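Q: Please take a close look at the place where the ligand sits, and at the parts of the chain around it. I would like one connected walk through it, with the terms explained as you go.

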Amino acid sequence: MTFDSSDLPAIDLRSDTVTLPTEAMYERMRSAPLGDDALDGDPTARELEGRTAELLGKAAGLFLPSCTMANLVATLVHAGRAEQVIVQADSHLYNAERGAAVLTGAFFLPIGGPDGTMEMAALHDALDARGLRLRTAMLALETSHNSAGGAVPPLVHMAEVHALAAERGAALHIDGARLFNAATFLDVEADRIAAHCDSVAICLSKGLSAPLGAVLAGSLSFIEQARAVRRMLGGQQRQAGIVAAAGLVALDMRGRLIEDHVRTARLADLLHAVEPSLVPRFPETNILLVDVAASGHSAAEWCETLATCGVLVRPWRRYTLRCVLHRHIDDDAIERAGRAFATAAGQLFRARAVRDRS
Ligand SMILES: Cc1ncc(COP(=O)(O)O)c(C=O)c1O
C-alpha cells in the first residue's frame, strides 16, 4: 500500500450530512428561549421559520425534522389521490424518498433532462396528454441537483417551468436541500431562486452543518396547511428550539459554502490529471461525480480500494462514484484525496490491463 498518511483519520467524502455542529451552535442551543411548539409556539423555532422565510422571499416558514419530511408535507398539501405530480426524473424526491408518491396516491410522472432540468417539449407533451387526464397538481424541481453532480438548473429554466405550471393551475415545489449552494454558484441571493416556485424546502444539516432540520417556506395559507399535515405525520415537536437554535447559526454559515465549491473544483482538477475520463463534467458546487467505467471496475470496487487508501466515497451508480465536499475537508485533505485516487487508479487500471491481456 502506497498511501502516505495511513495514521491520519479517513477523509470522509460520502456526504455533506456527516458535518458536526459548531461550537457556536452548542452555545446558541444552551441559551435559546424555548417553549412548547404545539401549544404557544417555540420562540426559537418561530425565529428560524421567520428568518428562513425572509431569506427565501416567502411569507412564512415551517421547521421540520428532515428535508424528506419537508418535501413530503409540501406534496401532501399540493397534490391528492388520482392527481398528477410531475417530477424531475433524477430527483431525490422521486428516486430516494418515494414516500410522497406512496402517501399521496398521486401519479408521479418523471421528466428527464440534462443537468437536473426538465426537457421542455416532454413537459409540454405531458401536460397536453390526451386520454387518461389526471389534473396536474404539482411540479417539482431540485437545486442544486444531487444526482446531476450538484448541477444548478439555470434560473431561466426555473422561470419557464414555473410560468407553465402557473398557466396550468399547478404548484411548483423546489427541493432546495442545497439551495444555498445553488445561490452561491449563481452568485445571487436565495430569494432570486425561490422566486420561481410556490413552495421551497431547504435543509440545514448538509453543508450548513446543523445536526438536523429543514425549513419549508411558502405563502401563509400554504404554511397553515403544511403545519396541519406536519402534525398528522408526527413531525410536530415540543421544545423544537433546541435544534432550531443550531439552524439559526447554520443560516449564517451559508457564506462558507464557496470554500467547499473551490475545493470540489480542486479535487476535479486532481482527478482529471490522474485520468481525464474520471471527470466527465466539471463540478458547479460541492458534489463531484466520478466516472470509473474506463477502469472496468465497478464503483463498489473503487470504494473498497479507496477506503484502503484512506478515502471514503459512495457508489452512486454502477460505474459512478459520488464525492461530496463539506466543512470537515480542508485543503490538505483534498491533496491527500487526490493522491489516494492516483494510487487507487494505478491499482485498478493496472489490474484491468493485466486482465485484458490474460
Ligand atoms: C436533494 C435532496 N433532497 C432531500 C434530501 C433529504 O434530506 P434529509 O436527509 O434531511 O431528509 C436530500 C438528502 O441527501 C437531498 O440530497
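A: Ser 144 is found in the loop that runs between β5 (136-142) and α7 (155-167). Helices here are DSSP runs of H or I with at least four residues, strands are runs of E with at least two, and both are numbered from the N terminus. The bond that leads into Ser 144 from Thr 143 is a cis peptide, with omega near -15 degrees.

A word on the basis: this is a predicted model, in which local features need pLDDT of at least 70 and side-chain atom pairs count only at pLDDT 80 or more, while totals for chains, interfaces and linings use all residues. Residues are numbered from 1 along each chain as its sequence is written, and side-chain values use heavy atoms, with hydrogens and water left out.

Now to the ligand. The shell around the ligand has 13 residues, and those that come nearest are Cys 67, Thr 68, Asn 146, Asp 175 and Arg 178; a residue counts as near if one of its heavy atoms lies within 4 Å. Sorted by class, the shell holds five charged, five polar and three nonpolar residues. For these classes, Asp, Glu, Lys and Arg are charged, Ala, Val, Leu, Ile, Met, Phe, Trp, Tyr, Cys and Pro are nonpolar, and the others, Gly among them, are polar.

Three side chains make polar contacts with ligand oxygen atoms, a contact here being a pair of N or O atoms within 3.5 Å. In Thr 68, a polar side-chain atom is 2.6 Å from a ligand oxygen. For Asn 146 the distance is 2.9 Å, and an N or O atom in the side chain of Lys 206 also lies 2.9 Å from an oxygen of the ligand. Taken alone, the ligand exposes 390 Å², and the protein buries 84% of that, by the Shrake-Rupley method with a 1.4 Å probe.

Two elements, α3 (67-78) and α4 (92-97), give two or more residues each to this shell. The largest share, three residues, is from α3.

The ligand sits in the largest pocket, that is, more than half of its atoms lie within 2 Å of the pocket's grid points. A pocket is an open set of points on a 1 Å grid over the protein atoms alone, reached by a 1.4 Å probe, with protein on both sides within 12 Å along at least five of seven lines; lining residues have an atom within 4 Å of a point. Its volume is about 460 Å³, counted as the space filled by probe spheres set on points joined across faces, edges and corners.

The pocket lining has 26 residues, with His 92, Ala 96, Asn 146, Trp 316 and Arg 322 nearest the centre. Here α4 gives the largest share, four residues, and α3, α4 and β11 (314-317) each supply at least two. The lining divides into twelve polar, nine charged and five nonpolar residues.

Just along the chain, Arg 98 lies in the loop between α4 and α5 (99-104). Its phi is near 65 degrees, a positive value in a residue other than glycine.

Note on methods. A polar contact is a pair of N or O atoms within 3.5 Å; within protein, one must be able to donate a hydrogen and the other to accept it, and residues adjacent in sequence count only if both atoms are side-chain atoms.
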